[in-house]
Amino acid sequence: MIKVVNLHKRYRHLHVLKGISTEIQQGEVVCIIGPSGSGKSTFLRCINLLEKPSEGHIYIENIDVTDHSRINVNEVRAEVGMVFQRFNLFPHLTALENITIAPVKVRGLSTEEAQDRAYKLLERVGLRHKADAYPEQLSGGQQQRIAIARALAMKPKALLFDEPTSALDPEMIQEVLDVMKDLAHEGMTMVVVTHEMGFAREVAKRVLFMDDGQILEEGTPQAIFSTPKNERTKQFLSKIL
Amino acid sequence: MKLKVTLIFVVAFLLCLAVSGTVLCEPVSEITTLTITSDPEGADIYLNGQKLDQQTPLTLENLQPGQEIELVLRKPPLYKKSIPKKVTVKPGKNNVFIPIPETWYYYMWLYLPTLLKAAGMTLFLTIIAVFNGIIIGTFTGIFRVVHNKLLNTIAGIYVDFTRGTPLLVQIFMIHFGTPPIIGHLLGTGNPVPINPFVSALLALSINSGAYVAEIIRAGIQSIDVGQMEAARSLGMTYRQAMRFIILPQALKRVIPPLGNEFIAMLKDSSLVSVIGMEELVRRAQVIITRTYRPTETWIEVGLIFLIMTLPFTRLVAYLERRLKTSD
Ligand SMILES: Nc1ncnc2c1ncn2[C@@H]1O[C@H](COP(=O)(O)OP(=O)(O)OP(=O)(O)O)[C@@H](O)[C@H]1O
Ligand SMILES: [Mg+2]
């Protein structure tokens with residue numbers, strides 16, 4: 001579904017991603033862990049082209065999205081949803097409008113169609129009653145659930161999560177993780193940067209350990225968390241567990 | 001005998017004269033009047049503290065010779081009350097002239113309508129200039145942030161040039177600098193003078209545009225980059241993200257600074273007085289050349305500016321407070 005081949009990203013003199021290659025299957029949930037600054041966010045942002053890769057190829061359903069002569073960047077982004085650490089809801093729009101705006105403006109849905117879809121999604125994240133609330137009136141956990149609904153409204157082929165729970169108060173983490181688990185069980189393809197080991201163990205098929213712009217180790221959650229092979233992975237895990 | 005007759009005639013004549021004198025002249029000299037005149041006329045008259053129904057000039061007739069009276073004149077609101085004048089009524093005709101001193105605000109009041117009209121022109125100039133400025137500035141501000149080198153550069157040069165040179169110089173450039181160019185372009189070589197109103201409006205609009213552009217740019221850039229990323233991640237184009245996500249949020253934030261720009265322009269527009277544009281300051285200068293009252297007039301002009309800016313200053317402060325609580 002998503003295939004990354006020898007991906008490099010440089011900011012001027014800073015070499016952030018140093019040759020990442022991996023493949024994510026349809027319906028697979030992949031968690032990425034790694035120390036701060038290792039390039040996890042940059043990797044995600046490259047996948048939906050928020051950052052332009054410096055080198056290498058990314059294939060989404062066998063289409064090379066790094067080939068700018070042939071693809072429309074906006075269409076690619078519409079197919080790959082993203083959930084941010086700090087939610088990034090649109091503060092001037094209600095929860096419902098946050099969800100409907102992209103389907104209407106990008107997909108060309110009618111307002112009614114988009115709202116139908118949005119209400120179903122609100123139901124799914126348990127916030128049907130907050131449709132008319134503005135982001136500032138919602139708790140962090142509620143905002144993040146709306147943000148997930150907003151991404152889902154585009155019916156994306158895959159969803160990318162960049163530390164979706166690390167800006168949340170502890171008591172709100174679970175409600176967001178529950179929504180994500182539901183998604184995983186429904187077969188959504190997900191790439192999740194997270195340090196929630198419980199979540200990774202429960203739903204991830206694979207865990208990637210990134211450090212210094214490279215994937216140093218990958219395997220099942222069991223393998224990575226219980227019997228890490230790489231020294232750096234061990235070090236990292238001993239610090240966060 | 002002849003002499004005797006002549007003498008009798010002379011005596012008779014004299015007698016007759018004397019009699020006629022007492023009969024004809026005596027009643028006239030017995031009416032005592034007091035005529036009150038003043039500068040200016042039309043003042044209220046207070047006689048021994050009692051206000052009379054009539055105003056100056058006035059002739060009073062029901063007076064007794066030897067009567068002592070005190071006169072005070074008033075002509076509000078432009079004049080002070082006159083110094084009390086004691087008059088001892090003499091038999092016959094009396095005349096009294098009383099000058100009424102002007103109040104300190106005499107000239108301020110006298111020219112208030114003229115100055116207010118000129119203030120209207122100042123306000124009008126400012127409104128049009130800021131309106132144009134908002135149109136120019138919105139485009140320029142957006143041109144400064146879009147990913148287009150050419151637009152960035154053009155907008156950058158305009159903003160830097162306008163903000164980096166005095167408004168006074170810009171006014172001179174347009175009013176005195178462009179006529180020869182227009183003449184040259186028309187091929188005649190003769191400078192084509194520009195109406196001061198047109199020059200003023202042009203200069204102020206161009207100037208305002210640059211400042212508004214900076215306000216718009218700052219407003220756009222004050223929006224969290226996460227907003228653009230979220231919009232793009234949903235497949236919106238840069239234009240769509242700008243239009244539906246960034247600009248609506250930026251708009252709210254630029255309203256208070258735009259209010260400040262309006263206040264600044266209201267004050268700075270006075271510079272167009274140098275090219276003879278008849279606004280508040282220019283009008284005041286003209287008035288002063290007539291009245292030689294610079295102190296009162298400039299105080300008045302200052303007050304008029306203050307009264308015009310104060311409501312906006314308050315409004316901006318209110319909007320800023322409201323914005324802070326909603327953020
Ligand atoms: N736009 C940018 N310009 C320059 N350097 C950048 C930019 N974005 C990221 N970097 C650098 O790239 C490196 C990797 O950043 P990235 O955000 O991908 O790390 P991360 O693994 O997500 O870290 P964290 O866990 O703190 O989120 C960092 O050193 C960061 O400073
Ligand atoms: Mg990150």
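What volume does the largest cavity have? Before I answer, let me say that this is a predicted model, and that everything I describe this morning should be heard with that in mind. The largest cavity has a volume of about 30 Å³, and the count of cavities of 30 Å³ or more comes to one. Its lining is made by Arg124(A), Val125(A), Leu152(A), Val179(A), Asp182(A) and Leu183(A), which by class gives four nonpolar residues, two charged residues and no polar ones. Among the elements that contribute to this lining, helix α6 of chain A, residues 170-185, gives the most, with three residues.

One of those lining residues, Arg124(A), takes us to the salt bridges, of which the structure holds 24 over all chains. The side chain of Arg124(A) meets that of Glu186(A) in a salt bridge, with 2.4 Å from N to O. This pair links distant parts of the chain, since Arg124(A) sits in helix α4, residues 111-124 of chain A, while Glu186(A) sits in the loop between α6 and β8, and the two are 62 residues apart. Arg124(A) has a relative accessible area of 39%, and it therefore counts as partly exposed.

A second pair in chain A joins Glu79(A) to Arg107(A), with the closest N and O atoms 3.4 Å apart. Here too distant parts of the chain are linked, with Glu79(A) in helix α2, residues 73-79, and Arg107(A) in helix α3, residues 95-107, so that the partners lie 28 residues apart along chain A. Arg107(A) is partly exposed because its relative accessibility is 31%.

The third pair I would like to show is Glu51(A) with Lys9(A), whose closest N and O atoms are 3.9 Å apart. Glu51(A) is in the loop between α1 and β4 of chain A and Lys9(A) is in strand β1, residues 2-11, so this is again a link between distant parts of the chain, across 42 residues. Are these two residues, Glu51(A) and Lys9(A), buried or exposed? Both of them are buried. They also belong to a network of salt bridges that links Lys9(A), Arg45(A), Glu51(A) and Glu229(B), and as background for that picture, side chains of opposite charge can pair when their charged atoms come close.

Arg45(A), from that network, is also one of the buried residues of α1(A), and the others are Lys40(A), Thr42(A), Phe43(A), Leu44(A), Cys46(A) and Ile47(A). The helix as a whole is mostly covered, with seven of its eight residues buried. Just after α1(A) comes Leu49(A), which takes a positive phi of about 65°.

That brings me to the backbone, where it helps to recall that most residues other than glycine have a negative phi, and most peptide bonds are trans. Glu61(A), although not a glycine, has a positive phi of about 50°; this residue lies in the loop between β4 and β5 of chain A, and with 37% relative accessibility it counts as partly exposed. In chain B, Tyr292(B) has a positive phi of about 55° and is likewise not a glycine. Tyr292(B) is found in the loop between α9 and α10 of chain B, and it counts as exposed because its relative accessibility is 67%, where the cut-off for exposed is over 50%.

Which residues of chain B are joined by a cis peptide bond with omega of about 0°? They are Pro76(B) and Pro77(B), and Pro77(B) has its place in the loop between β5 and β6 of chain B. Another cis peptide bond joins Thr56(B) and Pro57(B), with omega of about -5°, and Pro57(B) lies in the loop between β3 and β4.

Let me finish with the surface and the extent of chain B. Ile299(B), Leu303(B), Leu306(B), Ile307(B) and Leu310(B) make a nonpolar surface patch of about 460 Å². Leu303(B), in helix α10, residues 294-326, has 43% relative accessibility and so counts as partly exposed. As for distances, the C-alpha atoms of Thr33(B) and Leu151(B) are separated by 88 Å, with their positions 118 residues apart along the chain, and Thr33(B), in strand β1 of chain B, counts as buried at 11% relative accessibility. The C-alpha atoms of Met108(B) and His184(B), 76 residues apart along the chain, are separated by 46 Å; Met108(B) lies in helix α2, residues 106-110 of chain B, and is buried, at 10% relative accessibility.

Key. Residues are numbered from 1 along each chain as its sequence is written. Chains are lettered from A and ligands numbered from 1 in the order in which they are written. This is a predicted model: local features need pLDDT of at least 70, side-chain atom pairs count only at pLDDT 80 or more; totals for chains, interfaces and linings use all residues. Side-chain values use heavy atoms; hydrogens and water are left out. Patches are made of residues with over 30% relative accessible area and no salt bridge: like charges are joined within 9 Å, nonpolar side chains (Val, Leu, Ile, Met, Phe, Trp, Tyr) within 5 Å. Accessible areas come from the Shrake-Rupley method with a 1.4 Å probe; for residues, only the protein chains shown count as cover. A salt bridge is a side-chain nitrogen of Lys or Arg within 4 Å of a carboxyl oxygen of Asp or Glu. Helices (H or I, at least four residues) and strands (E, at least two) are DSSP runs, numbered from the N terminus. Buried means under 20% relative accessible area, exposed over 50%, partly exposed in between (1.4 Å probe, protein chains only). On a 1 Å grid over the protein atoms alone, a cavity is a set of points where a 1.4 Å probe fits but cannot get out, and a pocket is an open set with protein on both sides within 12 Å along at least five of seven lines; lining residues have an atom within 4 Å of a point. Grid points are joined across faces, edges and corners, and a volume is the space filled by probe spheres set on the points. Ala, Val, Leu, Ile, Met, Phe, Trp, Tyr, Cys and Pro count as nonpolar, Asp, Glu, Lys and Arg as charged, and the others, Gly among them, as polar.
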